[in-house]
Amino acid sequence: MNVVELIIQKRDGHAVEPAAIRALVDAFTRGDVPEYQVSAFLMAAFLRGLSDRESTALTEAMLHSGEVLDLSSVPGLKVDKHSTGGVGDKISIALAPLVAAAGVPVPMISGRGLGHTGGTLDKLEAIPGFRTDLNVDQYRRQLGDIGVVMIGQTSEIAPADKKLYALRDVTGTVEFIPFIASSIMSKKLAEGIDALVLDVKWGRGAFMKTEADARRLAETLAAIGTEYGKPTVAWLTDMNAPLGYEVGNWLETKEAIAVLRGEQVPEVTELVETLAGEMIWLGGKAATPEAGTAEAAALLRSGAAFEKFVELVRAQGGDVSVVENPALRESRPVCTVEAPEGLRGTITSIDPYALGRIAIELGAGRKTADEAVDPLAGLTILKKPGDFVQPGEPIMRLHTLHSDRTGSLSERAAAAFSTAGGTARGDLLVDRYWQGTWRGAR
Ligand code: URA
């Protein structure tokens, strides 16, 4: 394979043969092609597009870059969920143990922060000691033992995605349907699931800016799932404002813990219960998604979901004491942002993209692939769309070690709020996309 020719072929808008895409992915996974050449290919594909045939080849190559797991030794229908990424999206942390508490095994493989969005792995690792690097044997064993396991891509499962994901994050090649679909579905299909629930986000804080694009992504993802015999439900959800109140790794984990403890956290609890309902239904433990949602709400209220989370954290080496008492975890210096002159009235919008970028500057995300994140950095939103605000009132808290940046970041944070024009957030749950035939528990 001549990589330069491949790059030029794509750069000039020509189709690339599936075999060449496979060869490139395999060589990159082995470490035989340098990142600068793969980056160039990614950008050429991003700008020129990939056909269905090329996209299918990419997904196949990524899926088979490692093992495709067989979890049939673990009883029950295994169901996972994946989000296309948003700001403040801590759903998986509450969702996986909740669904496991309903008796549906959840084998979850997640990613790190990508672009302006956070990643579940970084959030879990904000719990001191929590290990996300289990090998396949440990993964399978833990799923059988406690019904839930949450890890990152390994060198065994979809290793190509692990490498490509990190490269896309720092080369401006994230927001592209064939890349997102192949990234998500390669790791989901490799992890041994029977069914999948997707949270496809659209809006200013999502990779898909329009509802129409999100629908296209949902259709693409569901079509891949169906082709591989995995019933796939996709929810289109609104990401025109950050989800919940916290943005940043530990801050978000703490908010997810509040949900697991039965607190009604606006937006977050609603989305967790809805997606859990779908998973419990697909896992054969409820007759309908709505019945699954009711079951999920009951498990949050009873404390069973929180207990399962504690079991998960203990199994993966995490410090259970900070989960049981989040106030024990150290915190970062805080700077309060006040509403500037001119910000008066009902808040109609908070730009989630701006907040995602600010969180990175505070230390919560990466600007280069090998940068470490500060687990305790981030921001807390004190006023949400629909709330009334007047100048001088606190609207946000910044948590950071970078005190030299808080001045300019406070200004940027305040500018993300608007009381003029636009509309306060509409429905969080925009639409449900489902074309399968699964009937649920009988
Ligand atoms: N989530 C993923 O796993 N990959 C993407 O490309 C985007 C969101």
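Across the whole structure, a search turns up 27 salt bridges. Keep in mind as you click around that this is a predicted model.

**Stop 1: a salt bridge**

Select Glu-125 and Arg-112. These two form a salt bridge, and their closest N and O atoms sit 2.9 Å apart. Now colour by secondary structure and see what the pair links: distant parts of the chain, 13 residues apart. Glu-125 is in the loop between helix 6 (120-124) and helix 7 (136-146), while Arg-112 is in the loop between strand 2 (106-110) and helix 6.

**Stop 2: the ligand**

Next, show the ligand with its surroundings. Which residues surround the ligand? Put these in sticks: His-82, Ser-83, Thr-84, Leu-114, Tyr-165, Arg-168, Ile-180, Ser-183, Ile-184 and Lys-187.

Three polar contacts are worth a distance label:

- His-82: an N or O atom of this side chain is 2.8 Å from an oxygen atom of the ligand.
- Arg-168: here too, a side-chain N or O atom is found 2.8 Å from a ligand oxygen.
- Ser-183: the partner on the ligand is a nitrogen atom, with a polar side-chain atom of Ser-183 lying 2.6 Å away.

Switch on a surface if you like: on its own the ligand has 240 Å² of accessible area, and the protein covers 97% of that.

**Stop 3: the mixed sheet**

Hide the sticks and go to cartoon. Select strands 1, 4, 5 and 14, which form an open sheet in the order 1-4-5-14 with mixed pairing. Why do strand 1 (79-83) and strand 14 (429-433) each have one side without a neighbour in the sheet? They stand at the edges and have a single partner strand each, so nothing in the sheet flanks the other side. Look along the sheet and you can check the turn between neighbouring strands, which is 15° on average, direction ignored.

Zoom in on strand 1 and strand 4 (residues 195-202): they pair in the parallel sense, over 5 bridges. One bridge to pick out joins Val-79 to Ala-195 in strand 4.

Then add helix 12 (residues 268-282). This helix lies across strand 1, strand 4, strand 5 (232-238) and strand 14, and runs at about 150° to strand 4.

**Stop 4: the antiparallel sheet**

Now select strands 6, 10, 12 and 7. They make an open sheet of 4 strands in the order 6-10-12-7, and the pairing is antiparallel. At the edges you'll find strand 6 (246-247) and strand 7 (334-338), each pairing on one side only.

Between strand 10 (residues 378-381) and strand 12 (residues 394-399), count 4 bridges, with the strands running antiparallel. Label Thr-380 and you'll see Arg-397 of strand 12 opposite.

Two helices finish the tour:

- Helix 16 (residues 352-362) packs on the sheet and touches strand 6, strand 10 and strand 12, its direction making about 135° with that of strand 10.
- Helix 17 (residues 406-415) lies across strand 7 and strand 12, at about 40° to strand 7.

Technical notes: Residues numbered from 1 in each chain as written. Predicted model: local features only at pLDDT ≥ 70, side-chain atom pairs only at ≥ 80, totals over all residues. Heavy atoms only, no water. Pairing = 2+ DSSP bridges. Axes fitted to C-alpha atoms, helices over the stretch in contact; angles between N-to-C directions. Contact = heavy atoms within 4.5 Å. Near = heavy atom within 4 Å. Polar contact = N/O pair within 3.5 Å; in protein donor to acceptor, adjacent residues only side chain to side chain. Areas by Shrake-Rupley, 256 points an atom, 1.4 Å probe, with all protein chains shown as cover. Salt bridge = Lys/Arg side-chain N within 4 Å of Asp/Glu carboxyl O.
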